[in-house]
Amino acid sequence: MRFAGRVPVDAPDPRRAQEAELRRLPLTVFGLVEQSSLEDTGALNIAQGSDSAGLTDVAVSLTYTLWRNPGDRSDPANLADLDDETRAALDREPPYPRPQWLVDRVQQLRYPQLWEAVRTTWTRDPGQDDDPAQVLTEHLEDVLTNRYAEERGAELIGQHTTVEVDDATVDAVEINTHPLLYAVGARVAADTVVTAVLPRSELPCVDVAFATRRAPGADG
């Protein structure tokens with residue numbers, strides 16, 4: 001999420017509109033299995049393509065807050081490695097009230113964010129363009145471009161593996177050749193691929209397995 005200028009105190013939480021849009025789309029969204037070290041921020045990136053017949057493809061990406069020590073959220077080990085300018089910006093209180101959802105989001109940014117860590121990609125007409133290895137490579141390239149641009153250029157080689165999806169073991173592809181990032185993905189339906197791209201440094205804190213996503217705050 002990016003916010004520019006003054007946000008009125010009664011401005012609606014944009015995540016509500018994103019969840020409403022998601023319910024209108026023809027796909028089941030997957031995330032990482034629920035675990036104490038990860039918190040779904042609810043901030044969705046929804047990309048859509050269309051033609052004269054309607055939607056052609058949809059990609060929904062999820063961002064997580066990481067807790068390295070979930071048993072003690074006050075532990076400094078949980079804090080993100082921020083530069084002085086960013087930390088000062090987060091500490092600065094504006095001279096006007098803000099909506100609570102924005103206050104909460106700013107607080108989240110003090111902790112590591114796994115940016116667009118999981119992506120569900122749906123294609124109306126499955127074919128060569130939605131091969132899991134290709135979809136995984138595209139997801140990894142997006143994360144590299146937006147978060148690790150200086151680390152582009154490493155050889156990205158996919159190899160066969162397996163991964164858990166809703167407690168079932170399925171065939172998958174992984175890219176385990178980048179020095180900073182690990183990526184894994186699998187086809188979960190004829191028209192749907194789920195992928196994850198995660199920092200290697202945080203893998204000890206993460207159970208890399210997928211599950212059907214439940215919206216944050218959903219009952220049950």
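Strands are DSSP runs of E with at least two residues, and they are numbered from the N terminus. The model shown in these close-up views is predicted.

**View 1. The hairpin of strand 5 and strand 6, with D166 in its turn.** D166 is placed in the loop between strand 5 and strand 6. The hairpin has two residues between its strands. Strand 5 covers residues 158-165 and strand 6 residues 168-175; the two run antiparallel and are joined by eight bridges. Within this pairing, V163 stands opposite V170 of strand 6. D166 is not a glycine, yet its phi is positive, at about 50°. Most residues other than glycine have a negative phi. D166 has 38% relative accessibility and therefore counts as partly exposed, the class between under 20% and over 50%.

**View 2. E116, a residue of strand 4 with a positive phi.** The phi of E116 is near 45°, and the residue is not a glycine. E116 belongs to strand 4, which spans residues 113-123. The relative accessibility of E116 is 5%, so the residue counts as buried; the cut-off for this class is under 20%.

**View 3. The buried and exposed faces of helix 1.** Helix 1 covers residues 14-23, and its residues R15, Q18, E19 and L22 are buried. These four lie on the same side of helix 1 because they cover an arc of only 100° around the axis. The buried residues of helix 1 pack against three elements: strand 2, strand 3 (54-66) and helix 3. On the face turned away from the buried side, helix 1 carries the exposed residues R16, A17 and R23.

**View 4. The largest pocket, with a volume of about 1500 Å³.** The pocket is lined by 45 residues, and the closest to its centre are R105, L109, Q113, W115 and R147. Two or more lining residues come from each of these elements: strand 2 (38-51), helix 2 (84-91), helix 3 (100-108), strand 4 (113-123), helix 4 (132-147) and strand 8 (192-199). Strand 4 gives the most, with four residues. By class, 25 residues of the lining are nonpolar, eight are polar and twelve are charged. Two of the elements named here also appear in View 3: strand 2 and helix 3 are among those that the buried residues of helix 1 pack against, and both give two or more residues to the pocket lining.

Notes
Residues numbered from 1 in each chain as written. Predicted model: local features only at pLDDT ≥ 70, side-chain atom pairs only at ≥ 80, totals over all residues. Heavy atoms only, no water. 1 Å grid on protein atoms, 1.4 Å probe; cavity = no way out; pocket = protein on both sides within 12 Å on 5 of 7 lines; lining within 4 Å. Points joined across faces, edges and corners; volume = space filled by probe spheres on them. Nonpolar A, V, L, I, M, F, W, Y, C, P; charged D, E, K, R; others polar. Buried < 20%, exposed > 50% of the residue type's maximum accessible area, 1.4 Å probe, protein only. Arc of directions from axis to C-beta. Contact = heavy atoms within 4.5 Å. Pairing = 2+ DSSP bridges.
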